[in-house]
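Here are three short exercises to work through with the model open beside you. Try each task on your own, then follow the solution step by step.

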Amino acid sequence: MSDADVDAAGGSEETDVDAVVIGAGFSGLYMLHKLREQGLDVRVYEKGDEVGGTWYWNTYPGARCDSESHIYCFSFDEGLHREWEWSERYPEQPEILDYLQWVADRLDLHRDIAFEREVTSATYDDETATWTVELADGERVRTRYFVTAVGCLSEPFLPDFDGLGDFEGEWYHTARWPDEEIDFGDDHVGVIGTGSTGIQFISEVGGRADHLTVFQRTPNYAVPARNRPLEDDEYEEIRENYDDIWARARDSRLGMPFDHEHETDYGLSEEEIREVLEERWQQGGFRFLHSFEPGSILSNPELNDVVSAFIREKIRERVDDPETAETLVPTDHPYGAKRPPMDYDDYYGTYNRDDVSLVDVDENPIERVTADGIRTTAAHYDLDMLVFATGFDAMTGAILAMDIEGKNGQTLDEKWEAGPRTYLGLMTHGFPNLFTITGPQSPSVLTNMPLSIEQHVEWIADCIAYMDEHGYDRIEATEDAEDQWVQNTNMLAENMLFSEADSWYRGANVPGKTQVFTPFPGGLDNYREICARVARDDYDGFELGRASGTADEAVSEPGD
Ligand code: N01
């Protein structure tokens, strides 16, 4: 679409581009492709020097995706998912990065992506219904639509440990891993954090370093992933059934096509429940969390007790030293209340090695980093290298890292001070024409991300097409619709077990952050239906209109 078209359709003054998209991971790549197909002039800004998003930054040893590879990819283009062939059941980080680069080449996306460009701020002008986006180097770009495709887990969280500046060895955060190969060989390495990342890293590096000391604050429930190479005939079968696989995935809670989506635990004895669990334990991965009908392990405390006890027994069986085993057994939260990590390489067995040791920093917290290691309240540990697997300022961190100013000078920081507020996770009242792909209060991190991303991108693209067709140049979530959506998300979360853990789902991992459950826990299938209905009902819950500076600033209320 040209600038002249924009004027004809919406009356805005000239803009530099029709849409600015921030980030070139799964979301940004597909958003660019979709909007370009619709004739929009799109510019993507990406901090890194290549496409990949999460998979560009998280290159730490052991990095791998917990979703199965044949569904951890784009489904929108048959050519893409039929031509690419994954080598293992779960894709390793370099393979996902190769895939995304291959997609970007195939769709000729690189030419509209500006790499190594960081967006620092964006300001909305209601007169023209446009955003002015500013980059770190001072460049300013004016756009009709401003789309964040920054991911949910992109802003690394580094705890504020005293003395880190004094440390004389090398230190790394897993989400900013260096390009060069790190040789752990002669080093005594300390790793802080035992979330999904820490567990992958520890399993991979245990045995490669002279000694690995793990500083664990909260033990976790790691379930075997059962990774293996994908055989040719297996892949052939996947290819033959892809249409059905995608249809089942879209119609599921998690965005994953599991056979047992509708099996219940009602009427089963504890022994029978354990039999099902054992079967799923052998199958591995997220199939275990969804051993029974959608969400039941996460909402039925009695069932969860059986499942949590089952995993605890598995941990005790695998760890030789009873004291170490007890330190690794989680008792402070129910299984699933934190994002369940996967065990790819005998995580618990790693602690049977002489060159791996475990320090309980819940019992004896870290006091400070010293020049040559870490001091806890109980002892000093001599270390040559520190690895922080301490996670992310999740869901909101990367969006709020930009200074975003909406209507009447209100900043997004101010608006979200008591926790993020969105309608459908897609838009925020007071910030017209700003779309957030997999934003807070959308299913995102509770689902298979590429499918959730595709649904958001397609909804946004359809919405923009609708606006152009009807001569609107401005869309904004109403305050009422937003209030109801936030309330709905909170209510669903309260009926589940999420509040029983201090997780990043609730912002509890970042000191001082407002604690509120952030993803929409109602399932991707239900969410898709809600979004489709909203669009069918002429964007119910949104106000559509002209820029306030235009003569006929008509605004449509939902249902008009
Ligand atoms: O981060 P986390 P992550 N002192 O926040 C500890 C996704 N992911 O990077 O639990 C001591 O889960 C903290 O301890 P505690 C996935 O969604 C996906 O591991 O707060 N320890 C915890 O152990 C995942 O959930 C894949 O008590 C401190 C750890 O650091 C999400 O990313 C692969 C501390 C942080 O765990 C985040 O996982 C990997 C302190 N001051 C990750 N501060 C895929 O497969 C923090 N910790 C797609």
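**Exercise 1. Find which of the residues around the ligand come nearest, then look for polar atoms facing the ligand's oxygens.**

*Solution.*
- Step 1: In this predicted model, 25 residues surround the ligand. Those that come nearest are Asp66, Thr197, Arg217, Thr218 and Lys338.
- Step 2: Start with the backbone. A polar backbone atom of Asp66 lies 2.7 Å from an oxygen atom of the ligand. For Thr194, a polar backbone atom is 2.9 Å from a ligand oxygen.
- Step 3: Now turn to a side chain. An N or O atom in the side chain of Arg217 is 2.8 Å from an oxygen atom of the ligand.

**Exercise 2. Describe how helix α2 (residues 26-37) packs with helix α17 (residues 449-470).**

*Solution.*
- Step 1: Recall that a pair of packed helices is described by the angle between the axes and the distance between them.
- Step 2: For α2 and α17, the angle is about 30° and the axes are 9 Å apart.
- Step 3: Angles under 35 degrees count as roughly parallel, so α2 and α17 are roughly parallel to each other.
- Step 4: Their crossing is right-handed.
- Step 5: List the contact. α2 contributes Phe26, Ser27, Tyr30, Met31, Lys34 and Leu35. From α17 come Pro450, Ile453, Glu454, Val457, Glu458, Ile460, Ala461 and Ile464.
- Step 6: Sort the residues of this contact by type, and you get 10 nonpolar, 1 polar and 3 charged.

**Exercise 3. Do the same kind of description for helix α9 (residues 270-283) and helix α12 (residues 301-318).**

*Solution.*
- Step 1: The axes of α9 and α12 are 10 Å apart and make an angle of about 55°.
- Step 2: That angle therefore makes α9 oblique to α12.
- Step 3: Where α9 passes α12, the crossing is right-handed.
- Step 4: On α9, the contact residues are Glu270, Ile273, Arg274, Leu277, Glu278 and Trp281. On α12 they are Leu303, Val306, Val307, Phe310, Ile311, Glu313 and Lys314.
- Step 5: Sorted by type, the contact of α9 with α12 has 8 nonpolar residues, no polar ones and 5 charged ones.

Notes:
Residues numbered from 1 in each chain as written. Predicted model: local features only at pLDDT ≥ 70, side-chain atom pairs only at ≥ 80, totals over all residues. Heavy atoms only, no water. Axes fitted to C-alpha atoms, helices over the stretch in contact; angles between N-to-C directions. Helix = DSSP H or I, 4+ residues; strand = E, 2+ residues; numbered from the N terminus. Parallel < 35°, antiparallel > 145°, perpendicular 65-115°, else oblique. Left-handed = near helix turned anticlockwise from the far one by under 90°. Contact = heavy atoms within 4.5 Å. Nonpolar A, V, L, I, M, F, W, Y, C, P; charged D, E, K, R; others polar. Near = heavy atom within 4 Å. Polar contact = N/O pair within 3.5 Å; in protein donor to acceptor, adjacent residues only side chain to side chain.
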